[in-house]
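Reader: Hi! I have this one open on my screen and would love to walk through it with you. Could we begin with the charged pairs?

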Amino acid sequence: MVDDSGTGRLPVVVIAGRPNVGKSTIFNRLVGRRQAIVSDEPGVTRDRKDGVAMLRGRRVRLVDTAGLEEAAPETLFGRMRASSEQGIAQADLVVFCVDARSGITPADAHFANWLRRQNRPVLLVANKAEGRAGAEAAMEAYSLGLGTPLAMSAEHGEGLADLMGEIVSLLPDEETLAEQDGEKPLRIAIIGRPNAGKSTLLNSLLGEERMITGPEAGLTRDAVSVMLEDEAGPIEIVDTAGMRKRARVQEGLERVSVSASIEAMKMAEVVVLVLDADRGVDEQDLQIARLIEREGRACVLALNKWDAVRERQATRKAISDRIEISLAQMRGIEVVTFSALTGEGLHRLLPAVRRASEVWNARVGTSDLNRWFEEAVERHQPPLVDGRRLKLRYMTQAKSRPPTFVLFGTRAEQLPDSYKRYLINGLRETFHLPGTPIRLLLRGSRNPFVKQDER
């Protein structure tokens with residue numbers, strides 16, 4: 001896996017072509033891991049997906065695009081094509097892929113002519129050219145007028161080294177694109193049910209139509225990462241596929257999409273849980289929130305489509321009450337109301353994310369922690385277990401991200417859950433840790449003067 005911690009300008013290599021020619025397989029081969037979803041079903045990739053690869057000692061930013069298809073602008077495929085064209089406009093090199101098995105199609109010829117007018121360097125790749133017969137079939141791509149086609153098979157790894165060499169040879173020199181190491185970005189994942197407005201939210205934050213949006217639910221199928229910068233520094237935001245109830249998730253492609261969403265959540269520091277404010281909080285929203293808590297991620301609750309809510313005060317209270325009752329383990333979670341479509345209230349979201357990150361990274365001094373701990377035990381003594389009172393001795397913070405505390409004492413591992421909740425709530429209130437998961441680990445110590453069978 002290539003480290004992408006820097007924020008400097010990397011050369012951009014865009015992989016383009018009609019649907020199902022193997023663009024995502026090539027993308028995965030070059031980045032060195034299965035990052036883009038691959039399927040025999042055409043049109044799986046809908047949004048541009050970024051990744052960083054090391055090719056012959058050169059770091060490059062790869063962009064996997066949706067298939068180029070002729071379609072009306074207002075249709076889904078028209079919007080997918082527009083997104084791909086926007087990506088090509090930002091490319092330092094376009095890798096144009098055709099399918100050697102099926103030969104050159106009218107669509108290939110159409111988009112090859114279009115590419116020649118874009119004033120971008122183009123590397124022609126004839127994929128699925130396994131063996132001698134495939135290499136001979138690849139020669140048909142000469143007719144596109146884009147130079148000598150490079151025959152390869154991404155599925156079998158044939159020609160991959162040649163592809164890497166050709167890409168590097170066609171890139172601008174490093175003086176033109178000087179890399180500068182910078183601050184590591186804050187990693188955010190946008191999670192929620194289908195059609196909650198996640199992609200519209202990302203587009204509004206970026207100020208461009210980066211993600212495919214529309215009235216159809218489930219347009220985003222892959223976890224797509226983009227970079228932006230606010231006043232506090234760089235941010236990496238991952239837009240994810242909508243997560244439905246497990247019973248409704250179909251086999252195959254949707255299951256892979258949900259897995260990619262969960263993986264993106266695990267890699268994030270802060271998760272923005274997007275809800276449709278007009279629909280309120282349902283059980284699936286709570287299930288997603290519990291999953292975020294179990295993974296120990298910071299969370300901000302984003303109530304989208306706020307402009308469509310009529311009774312705002314009553315709606316806000318109903319949602320807050322439901323969250324307070326059902327997500328006690330994330331008490332104090334920050335709630336931001338906005339409209340991703342109009343931009344109303346959107347300026348409050350990233351500051352809220354930054355605040356959640358600060359809490360998630362918080363550390364409490366050992367002396368302050370134990371002064372509070374002694375007072376908490378004095379106010380409310382630990383309960384009796386098997387007729388004997390537990391002896392709790394001291395507490396320390398083991399780590400942050402999320403805040404994790406270790407409690408030491410005789411038979412501390414037998415501490416009831418109710419007393420653990422009492423301590424966690426006290427930690428949250430005293431040290432100002434709202435909305436973030438808090439871990440409390442118990443470490444018991446055995447009395448050497450008591451025989452094992454007497455304990």
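Author: Happy to. This is a predicted model, and a good place to begin is helix α11 (residues 366-379), where D368 and R371 are three residues apart and so separated by about one helical turn. The two form a salt bridge, with the closest N and O atoms 2.3 Å apart.

Reader: Are those two side chains buried or exposed, or something in between?

Author: In between. D368 is partly exposed, at a relative accessible area of 37%, and R371 is also partly exposed, at 47%.

Reader: Why would such side chains pair up in the first place?

Author: Side chains of opposite charge can pair when their charged atoms come close.

Reader: Fair enough. How many salt bridges are there?

Author: The count comes to 17. One of them joins the side chains of R354 and D230, at 2.9 Å from N to O. R354 lies in helix α10 (residues 349-360) and D230 in strand β8 (residues 224-230), so this pair ties together parts that are 124 residues apart in sequence.

Reader: Where does R354 fall on the buried or exposed scale?

Author: R354 counts as buried, because its relative accessibility is 19% and the cut-off for buried is under 20%.

Reader: Which residue does R401 pair with?

Author: R401 forms a salt bridge with E269, and their closest N and O atoms are 3.6 Å apart. This pair also links distant parts of the chain, 132 residues apart: R401 sits in the loop between β15 (391-399) and β16 (404-410), and E269 in the loop between α7 (253-267) and β10 (270-276). E269 is buried at 12% relative accessibility, whereas R401 is partly exposed at 37%.

Reader: Which residues are linked in a network of salt bridges?

Author: R193, D282 and D285 are linked that way.

Reader: Nice. Switching topic: how many helices and strands does the chain have?

Author: Twelve helices and 17 strands. The chain has 455 residues, and 53% of them count as buried. Its accessible surface is about 21500 Å², with 48% of that belonging to carbon and sulfur atoms.

Reader: And what share of the contacts join residues far apart in sequence?

Author: If you take contacts between residues at least 6 apart in sequence, 70% of them join residues at least 24 apart.

Reader: Let's do the sheets. In what order do the strands of the sheet with β8 run?

Author: That open sheet has six strands, ordered β8-β9-β7-β10-β11-β12, with mixed pairing. β8 and β12 are the edge strands, each pairing on one side only. On average, neighbouring strands here are turned by 25° against each other, ignoring direction.

Reader: How do β10 and β11 pair, parallel or antiparallel?

Author: Parallel, over seven bridges. Within that pairing, V274 stands opposite A302 in β11. Helix α9 packs on the sheet, touching β11 and β12, and its direction makes about 150° with that of β11. Helix α10, the one with R354, lies across β7 (186-192), β8, β9 (233-239), β10, β11 and β12, running at about 160° to β11.

Reader: What do β11, α9 and β12 make together?

Author: A right-handed β-α-β unit. Strands β11 (residues 298-304) and β12 (residues 334-337) run parallel and are joined by four bridges, and V300 stands opposite E334 in β12.

Reader: Can you give me a residue to click on in that helix?

Author: Try S320, which is in helix α9 (residues 312-326). S320 is partly exposed, at 31% relative accessibility. Its C-alpha atom is 9.5 Å from that of I333, 13 residues away along the chain.

Reader: Found it! Now the other sheet, please: which strands stand at the edges of the one with β2 and β6 in it?

Author: That is an open sheet of six strands in the order β2-β3-β1-β4-β5-β6, with mixed pairing. β2 (49-55) and β6 (150-151) stand at the edges with a single partner strand each, so one side of each is left without a neighbour in the sheet.

Reader: How many bridges pair β2 with β3?

Author: Seven, and β2 and strand β3 (residues 58-64) pair in the antiparallel sense. One of the bridge partners to look for is R58 in β3, which goes with L55.

Reader: And which helix lies across β2 there?

Author: Helix α1 (residues 23-31) lies across β1 (12-17), β2, β3, β4 (93-99) and β5 (122-127), and runs at about 45° to β2. Helix α3 (residues 106-116) packs on the sheet too, touching β4 and β5, with its direction at about 165° to that of β4.

Key: Residues numbered from 1 in each chain as written. Predicted model: local features only at pLDDT ≥ 70, side-chain atom pairs only at ≥ 80, totals over all residues. Heavy atoms only, no water. Salt bridge = Lys/Arg side-chain N within 4 Å of Asp/Glu carboxyl O. Helix = DSSP H or I, 4+ residues; strand = E, 2+ residues; numbered from the N terminus. Buried < 20%, exposed > 50% of the residue type's maximum accessible area, 1.4 Å probe, protein only. Contact = heavy atoms within 4.5 Å. Areas by Shrake-Rupley, 256 points an atom, 1.4 Å probe, with all protein chains shown as cover. Pairing = 2+ DSSP bridges. Right-handed = clockwise from strand over helix to strand, strands pointing away. Axes fitted to C-alpha atoms, helices over the stretch in contact; angles between N-to-C directions.
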